[in-house]
Amino acid sequence: MAAVALVRGVPASFAECVAATPPDPPLSQEVAAEQHARYVAALEQGGYDVVAVPADDDRPDSSFIEDTAVVIGARVLATRPGHPSRRDEVAPVAGALGGRYPVHRVRAPAMIDGGDFLKMGSSVFVGRSDRTNDEGVSAVAAIAEPQGLSVTSVPVGRVLHLKSGLSALDDSTLLWHPNACDRSVFDGFDIVEVPGVDPEAANVLRLADGRILVAEHHQETASLVAARGFGVVTVDVSEFARADGGLTCLSIRIR
Ligand code: CIR
């Protein structure tokens, strides 16, 4: 089956995104839209068939589509995002996925953001963050465990989401920044530590062809990943980084 990536265009209200620190100067929808177009092109060149969910001008954070659904084996969990302003982003994404997969729904009080979900082979890790609670982790486990996947709940450190500070290079190799979580969670995996002050430098995206997409403003990460023998592609997503989003946040990948 072809690898598919769902994306969602940049809304007119992008400047109103939730952000830990108010961006100064304000976010630019125009710049973000240009960067988004290049991101989509990089996904296509990396082997993904890209499916665009219609943009929603009234939902500023809706380009961060990763948070709205997670693909768990042969099933999809439509999330209930931790930030209340983001909950209405979910239905159109669940609708787009529904034609391909059985879609399960998360019910209150459970909360989960897709940025807290990481799958490496048969291991699933779910970050316990300000956006994802224990009930959210249980919702993942209820779908993952019957499919033979193990689920580990991971207290996140000083990051928004688990994947704000780590990501998989392949099913056994993890790019990890110390702010993300305790390193021992990933005992048994090959860990590549990312130095520096910005945990988002550890957020990269596996393309369908095995190459790794790295944010252009994280050149040190690009060198680290290349030194491990992976092909590297870079793309500028700096406008999204100013809204606390990384590379993975901008798509839902189905491989
Ligand atoms: C938010 O705070 O929800 C958005 N401004 C950023 C979401 C980033 N998503 C992700 O890390 N998966």
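Here are a few exercises with worked solutions on a predicted model.

**Exercise 1. Place Asn203 and work out what surrounds it.**

Start with the chain: Asn203 sits in the loop between strand 11 (190-193) and strand 12 (205-206). Next, check its exposure. The relative accessible area of Asn203 is 3%, and buried means under 20%, so Asn203 counts as buried. Now look for a polar partner: the Asn203 side chain gets to the backbone oxygen of Lys163 at 2.8 Å. Finally, list the neighbours, leaving out residues up to four places away in sequence: Asn203 touches Lys163, Leu166, Ser167, Gly246, Leu247 and Thr248.

**Exercise 2. Classify the ring pairs Phe64–Phe240 and Phe125–Phe189.**

The count of aromatic pairs comes to five. Take Phe64 and Phe240 to begin with: their ring centres are 6.0 Å apart and their planes stand at 85°, so this pair is edge-to-face. Then trace the chain. Phe64 belongs to the loop between strand 2 (49-53) and strand 3 (69-72), while Phe240 is in helix 5 (residues 238-241), so to speak a link between distant parts, 176 residues apart. Both Phe64 and Phe240 are buried.

Move on to Phe125 and Phe189. With centres 5.8 Å apart and planes at 75°, this pair is edge-to-face too. Phe125 is in strand 7 (residues 123-128) and Phe189 in the loop between strand 10 (173-176) and strand 11, 64 residues apart. Phe125 is buried, at 3% relative accessible area.

One last step: which residues do ring pairs link into a cluster? They are Phe14, Phe64 and Phe240.

**Exercise 3. Go through the salt bridges of Arg59, Arg86 and Asp113.**

The structure has 13 salt bridges. Arg59 meets Asp88 at 3.4 Å, N to O. Arg59 is in the loop between strand 2 and strand 3, and Asp88 in the loop between strand 4 (75-78) and helix 2 (90-98), 29 residues apart. Is Arg59 buried or partly exposed? At 24% relative accessible area, Arg59 is partly exposed. Widen the view, and Asp56, Arg59 and Asp88 turn out to be linked in a network of salt bridges.

Arg86 pairs with Glu89, with the closest N and O atoms 2.9 Å apart. Arg86 is buried at 4% relative accessibility, and Glu89 is buried at 1%.

For Asp113 and Arg131, the closest N and O atoms are 3.3 Å apart. Asp113 lies in the loop between strand 5 (103-105) and strand 6 (117-120) and Arg131 in the loop between strand 7 and helix 3 (134-144), so their bridge ties together parts 18 residues apart in sequence. Both Asp113 and Arg131 are buried.

Terms used
Residues are numbered from 1 along each chain as its sequence is written. This is a predicted model: local features need pLDDT of at least 70, side-chain atom pairs count only at pLDDT 80 or more; totals for chains, interfaces and linings use all residues. Side-chain values use heavy atoms; hydrogens and water are left out. Helices (H or I, at least four residues) and strands (E, at least two) are DSSP runs, numbered from the N terminus. Buried means under 20% relative accessible area, exposed over 50%, partly exposed in between (1.4 Å probe, protein chains only). A polar contact is a pair of N or O atoms within 3.5 Å; within protein, one must be able to donate a hydrogen and the other to accept it, and residues adjacent in sequence count only if both atoms are side-chain atoms. Contact means heavy atoms within 4.5 Å. Rings of Phe, Tyr and Trp (its six-membered ring) pair if their centres lie within 6.5 Å; planes under 30 degrees apart count as stacked, over 60 as edge-to-face and the rest as tilted. A salt bridge is a side-chain nitrogen of Lys or Arg within 4 Å of a carboxyl oxygen of Asp or Glu.
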